[in-house]
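Here are my notes on the model, point by point. Please read them with the structure open.

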Amino acid sequence: AFKKFQRKAVAFLGAVSLVAPLSVSAALPSAAGLQNREERASTLQEERSERMEAARDRMQEVFCNRFTETASTIGSGMASARQNFEGRVGERVGQMDEGRDSRDSKLEDSRSDADSKRSEMYAKLDAKANTDAEEEAVDDFKKTVEEAVDDRRDAVNAAIETFRTGVDAALASRKDDMQSAADAFAAAMKSALDKAKSACEAGT
């Protein structure tokens, strides 16, 4: 009985020794299988990279489009602000001219009224002058008064002209300074927007 068991054990061990290498070889992947797996992993990695790059491109495109819209809005706002500024300057100049015209009109009315009153006074003096000497005295008086009135009016006119010339020069200088500042600001904004837009389009 022992010998019979021994023969069976030997036969079993022999069978195991034959099957074991086959099992091990079946469990280990072949070289072709490893290569296929590496290729699939590489393909998946490439596809993932392409999807990520495409997503970045879409995000950049959306950003650039929004940036362009924003730049256009800023440009329109600057143009509108410039027009408003020029409009306000023109309005103030118009108001100043109207004020000058109104004051000139009042001055002329005042002078005309003064001329009428002097004429009435001269008429009364002429009526009272009975002799040549009195008439000559009245004429001398008229001449002296009229010369004084003319001198005073010339001085007033010169003062008004000097004042207005100074005001006009100051306003023109201020307008030029503000215009230069507005131009410099607009140029700086345009340059910055152009650079940013170029950088956006280049993807930098």
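1. Surface. The protein exposes about 16,100 Å². Carbon and sulfur atoms supply 58% of that area. Keep in mind that this is a predicted model. Of its 204 residues, 9% count as buried.

2. Fold elements. The protein has 3 helices and 0 strands. Read from the N terminus, the order is α-α-α. Two of the helices come up repeatedly below: α2 spans 31-128 and α3 spans 132-202.

3. Contacts along the chain. How many of the contacts between residues at least 6 apart in sequence join residues at least 24 apart? The share is 79%.

4. The aromatic pair. The count comes to 1 aromatic pair. Its members are Y122 and F141, set edge-to-face. The ring centres are 6.5 Å apart, and the planes make an angle of 85 degrees. An angle over 60 degrees is what counts as edge-to-face. Y122 lies in helix α2 and F141 in helix α3, so the pair ties together parts that are 19 residues apart in sequence.

5. Cover on the two rings. Is Y122 buried or exposed? Its relative accessibility is 9%, so Y122 counts as buried; the cut-off for buried is under 20%. F141 has 36% relative accessibility and therefore counts as partly exposed.

6. E146. This residue is found in helix α3. At 26% relative accessibility, E146 counts as partly exposed. Which residues does E146 touch, leaving aside its neighbours within four places in sequence? They are R118 and Y122. Y122 is also a member of the aromatic pair with F141. E146 and R118 are 28 residues apart in sequence, with their C-alpha atoms 9.2 Å apart in space.

7. A114. Look next at A114, which has its place in helix α2. A114 counts as partly exposed because its relative accessibility is 31%; partly exposed is the class between the 20% and 50% cut-offs. A114 and V149 are separated by 35 residues in sequence. From C-alpha to C-alpha, the distance between A114 and V149 is 9.8 Å.

8. A202. Where does A202 lie? The answer is helix α3. Its relative accessibility is 55%, so A202 counts as exposed; exposed means over 50%. A202 and Q60 are 142 residues apart in sequence, yet 10.0 Å apart in space, C-alpha to C-alpha.

9. Largest pocket: volume and source. About 280 Å³ of space lies in the largest pocket. Helices α2 and α3 each supply at least two residues of the lining. Which element gives the largest share of the lining? That is α2, with 6 residues.

10. Largest pocket: lining. The residues to display are F85, R88, V89, R92, V93, M96, L171, A172, R174, K175 and M178. By class, the lining has 7 nonpolar and 4 charged residues, and no polar ones. Arg and Lys count as charged, and R88, R92, R174 and K175 are among the lining residues. F85, M96 and L171 are also in the lining; Phe, Met and Leu count as nonpolar.

Note on methods:
Residues are numbered from 1 along each chain as its sequence is written. This is a predicted model: local features need pLDDT of at least 70, side-chain atom pairs count only at pLDDT 80 or more; totals for chains, interfaces and linings use all residues. Side-chain values use heavy atoms; hydrogens and water are left out. On a 1 Å grid over the protein atoms alone, a cavity is a set of points where a 1.4 Å probe fits but cannot get out, and a pocket is an open set with protein on both sides within 12 Å along at least five of seven lines; lining residues have an atom within 4 Å of a point. Grid points are joined across faces, edges and corners, and a volume is the space filled by probe spheres set on the points. Helices (H or I, at least four residues) and strands (E, at least two) are DSSP runs, numbered from the N terminus. Buried means under 20% relative accessible area, exposed over 50%, partly exposed in between (1.4 Å probe, protein chains only). Contact means heavy atoms within 4.5 Å. Accessible areas come from the Shrake-Rupley method with a 1.4 Å probe; for residues, only the protein chains shown count as cover. Rings of Phe, Tyr and Trp (its six-membered ring) pair if their centres lie within 6.5 Å; planes under 30 degrees apart count as stacked, over 60 as edge-to-face and the rest as tilted.
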